[in-house]
Amino acid sequence: MNILNLLIIIPVLTVIGIVFTKDFKGARVAAAVGMTLQLITAVILVISFFAQRKAGITGEFLFLSDFTWFKTLNIHYSVGVDGIAVWMLLLASIVVFAGIFASWQVEYLAREFFISLILLATGVFGFFISLDLFTMFLFYELAVIPMYLLIGIWGSGPKEYSAMKLTLMLMGGSALLVVGLLGLYFYSSAAGPVTFNLLELSKISFPLAMQRFFFPFLFVGFGILGALFPLHTWSPDGHSSAPTAVSMLHAGVLMKLGGYGCMRVAMFLLPEAAQEMSWIFLILATISIVYGAFGAIWQKDLKYINAYSSVSHCGLVLFALLMMNRTSMNGAVIQMISHGLMTALFFALIGMIYGRTHTRNIDQMGGLMNVIPFLSVAYVIAGLASLGLPGLSGFVAEMTIFIGSFQHPDTFHRVATIIATTSIVVTAVYILRVVGKLLLGQIREKEYLEFPDAKWYERISVVVLILPIAIIGFYPSYLSSTLLDALNPIIERLTAML
Amino acid sequence: MDIASFNLMRNELILVGIVLILLIAEIFTKNENKHKLISMGTILFGVATLINFLPLPEGQLFGGSFQTTRITVFMKSILNMGGFIVFLQSFTWLKREENNGKIGEFFILIISTLIGMNFMISSGDFLMMYIGLELATIPMAALAAYEKFSEKSAEAGIKLILTSALSSGILLYGLSFIYGTTGSIYFADVVSNVGNNSLQTFGFVFFVAGMAFKISLVPFHLWTADVYEGAPVNVTAYLSVVSKGAAVFIFMIILYRVFSSITAVWEPLLYTLAVATMTIGNLFALRQENLKRFMAFSSIAQAGFILLGIMQGGQLGMTTVVYFMLIYVFTNLAAFGVISAISEQTGKENISDYTSLYKTNPKLSLILLLSMFSLAGIPPVAGFFGKFFLFTAAGAKGYYILVLIAVLNATVSLYYYLRVVKAMLIDKSDNPIATFKTPWPMRISLLICVAGIFFIGFASFIYQYISNISFGIN
């Protein structure tokens with residue numbers, strides 16, 4: 001059987017398993033077992049994928065399988081992965097795995113919590129393996145129910161408001177997507193029967209007028225999930241109200257769905273319109289980057305800081321994609337992975353710190369380095385990765401992006417790049433400010449002395465996220481070169497008409 | 001005409017038989033045994049539902065007045081299933097003391113409306129269609145006023161009968177013009193004489209207006225909320241699912257069969273009605289507190305979505321509409337089942353009463369949650385497939401702007417469906433509805449609904465079957 005189906009079957013079986021557990025202990029063990037299996041499957045998938053590549057199998061997508069679903073509409077359940085998707089799947093399984101351990105202490109309606117969390121993850125895995133746009137959209141929408149419940153029930157702060165805002169804005173995004181997908185579907189009739197299949201759609205060159213009409217729907221539809229300015233406002237509220245694991249999964253992986261979709265569907269299938277309209281979205285993405293970074297400076301709540309920083313970093317992903325050359329797009333995908341790990345680590349640590357101090361306001365904390373050294377050091381590592389310190393993944397991603405985007409000889413792209421680079425400095429400001437106030441200095445409260453340092457499950461969660469950040473930082477060439485191979489078809493199609 | 005050809009009217013004849021059996025049975029049951037009529041009626045009706053799934057030859061009777069095709073048989077089956085689920089859900093309500101004397105009536109009236117709907121769907125001329133329509137409407141008013149000592153119920157009954165009379169009048173007025181210009185009431189003859197004639201267009205617009213009353217499209221929807229609120233919950237459920245479904249089916253059949261040559265007239269008309277219905281229905285649903293009114297506006301909005309499918313005009317359009325209605329039956333009846341169970345137990349019908357329902361009645365609130373998400377069109381439940389295919393039908397016509405309006409409306413609708421979910425799962429309450437045990441007929445009905453909500457979406461063979469038996473203009 002195709003290994004990709006396992007990535008759907010394991011979470012579904014895990015959910016069924018959790019239904020039969022009795023209390024929160026059983027539920028979390030079941031979830032942990034399931035997601036460990038999922039992580040192992042993802043690792044095996046990556047290894048066997050590149051083993052096949054090495055053996056000389058050159059098809060763009062491997063592990064293909066196809067099953068006709070709605071015959072008259074030519075809708076298939078069709079799966080396959082390329083060099084980008086396998087890495088995204090690995091990223092997703094790492095983040096979910098870490099998320100389970102970061103929410104080890106959830107006791108309130110624990111079974112429902114883990115079921116929703118794993119259903120949310122199922123949507124993500126399904127999205128990355130789907131080749132049929134209908135199935136892809138189905139999995140994308142699958143995240144709506146659990147997301148609303150997770151934030152609404154287990155969240156903090158103005159959770160009802162945030163959950164509603166996030167759900168409705170993302171639904172609005174998928175509303176645009178429906179129009180775009182139907183446009184692709186019906187215009188594919190030019191080359192045979194109508195189809196949702198990505199591979200077949202990518203062989204068609206759509207008429208320019210049609211591309212102009214549908215590209216904004218698809219790009220903005222996915223862009224909302226990728227926090228495209230000015231439609232990013234769900235992100236700060238949503239991420240700060242969500243429970244730890246959901247913030248991790250949402251900022252770490254779901255926002256990458258947006259970037260991935262922009263690249264894989266909008267730009268890949270409608271390349272001429274992408275070329276033509278990139279400048280509009282480039283301006284918006286540049287605003288996202290700078291605005292997000294400045295927004296983070298003013299925040300006092302740790303989660304808000306990180307949410308705004310996510311807006312900035314995800315803006316960088318869209319920015320790099322829209323630069324549309326090999327180097328920058330390569331950087332964009334590395335940034336997706338790097339930011340996914342980094343922001344998940346951040347949110348995990350914030351959750352753990354909040355569990356001890358019961359506040360997320362940085363003005364009310366200080367000197368944590370003395371009492372919880374393990375978590376504090378991890379926080380510093382996440383911070384340094386975020387501001388782009390060499391040796392960690394953030395540096396690799398940002399350098400690649402900026403080198404790539406500066407390759408454009410014209411003024412517009414260069415000015416945009418220069419403006420975007422200022423975010424590096426601003427990022428350093430807000431990261432170092434938090435590190436200084438939160439971790440260093442005098443211990444603020446006496447009760448801090450009684451704080452236990454990281455428990456075993458917290459350590460697992462943190463280590464599993466730090467390891468890949470460091471590996472990518474020190475040895476980026478394998479990831480980078482495999483991504484470049486996978487990007488080739490996309491870049492060829494994008495630049496074919498230049 | 002030989003005896004065997006009566007087989008074409010199988011479902012109608014069986015239903016008439018059940019009505020007669022119940023009438024006679026009611027005479028011979030003593031007062032204290034009246035409640036046995038409930039099980040008897042339900043079981044007989046369940047058998048009829050099952051029988052209608054058996055294959056049937058296609059053909060026509062009475063010189064084309066009555067037509068049986070595979071799609072009409074399937075449509076009747078959808079309505080039968082809806083009726084059967086409603087009967088299951090009415091068990092405890094009918095067992096109440098004040099209803100003891102009128103159990104037989106309930107079954108007879110509902111089955112009579114079903115007979116009317118069946119004749120309407122199978123009709124081959126306007127006369128048969130009109131008779132069927134009236135038979136489907138007049139008992140409905142009696143049903144709405146079933147709790148005759150409740151003011152609201154009586155009000156619902158009188159409102160329903162008055163608006164029905166008005167809409168029937170409008171419909172007949174329109175039909176008279178069509179008869180006058182074409183010289184026939186038979187669909188087969190009318191179709192060849194329909195053309196670019198302004199008198200005909202005039203008559204056609206009145207016909208659409210008359211049908212719009214029955215399907216409760218905006219601006220002909222004003223009766224809906226009051227009637228839904230006033231009528232007993234189970235009657236409301238029947239009204240919103242079966243009654244509406246039948247009207248949608250016959251509207252679609254006549255548009256496709258009779259008015260196929262003037263698509264240029266009805267497409268813009270339906271376009272406008274669809275936009276108005278979706279938008280107004282949604283905007284009014286946003287602020288409803290009473291769940292029955294809430295479901296009324298929700299069902300108005302859903303009718304707007306259905307128009308997207310009808311408008312397509314081809315085989316795809318009919319398939320998506322029938323498929324959507326099939327899903328809608330299970331989804332809406334699941335919601336009404338929960339509402340009815342709770343209203344039966346506690347008499348509460350407001351969204352705010354449902355606060356913290358998950359704590360006390362987790363199963364009921366999960367079912368309501370599923371049906372809310374199915375109505376909103378969120379996967380993995382079937383509503384997603386139903387809605388997406390309706391959008392596909394509109395997209396096939398190239399109405400991308402209409403699709404956009406529809407999908408944005410679906411987003412707005414998610415807001416109010418989430419309000420119910422929020423009340424049940426998120427909001428905290430000091431005195432939530434106490435835990436209670438749902439009676440077993442209700443359980444069975446909810447189980448059927450949930451199975452339907454999960455199964456129909458993924459089961460592509462159902463879609464395939466509908467697609468094979470559907471017909472379109474081209």
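This is a short dialogue on reading a predicted model, from the fold of chain B to one helix pair.

Reader: What should I know about the numbering and the model before I start?
Author: Residues are numbered from 1 along each chain as its sequence is written, and chains are lettered from A in the order in which they are written. The model is predicted, so local features need pLDDT of at least 70 and side-chain atom pairs count only at pLDDT 80 or more, while totals for chains, interfaces and linings use all residues.

Reader: Which radius of gyration does chain B have, and what would a compact globule have?
Author: The radius is taken over C-alpha atoms, and the globule rule is 2.2 Å times the number of residues to the power 0.38. For 474 residues that gives a value near 23 Å, and chain B agrees, with 21 Å.

Reader: Is Val429(A) buried or exposed?
Author: A residue is buried if 20 or more other C-beta atoms, placed from the backbone, lie within 10 Å of its own, exposed if 12 or fewer, and partly exposed in between. Val429(A) counts as partly exposed because it has 14 such neighbours. In chain B, 60% of the 474 residues count as buried.

Reader: How do the axes of α13(B) and α19(B) cross?
Author: Axes are lines fitted to C-alpha atoms over the stretch in contact, with angles from 0 to 180 degrees between N-to-C directions. Helix α13 (residues 315–346) and helix α19 (residues 460–469) of chain B come within 9 Å and cross at roughly 135°. That makes α13(B) oblique to α19(B), as angles under 35 degrees count as roughly parallel, over 145 as roughly antiparallel, 65 to 115 as roughly perpendicular and the rest as oblique.

Methods. Helix = DSSP H or I, 4+ residues; strand = E, 2+ residues; numbered from the N terminus.
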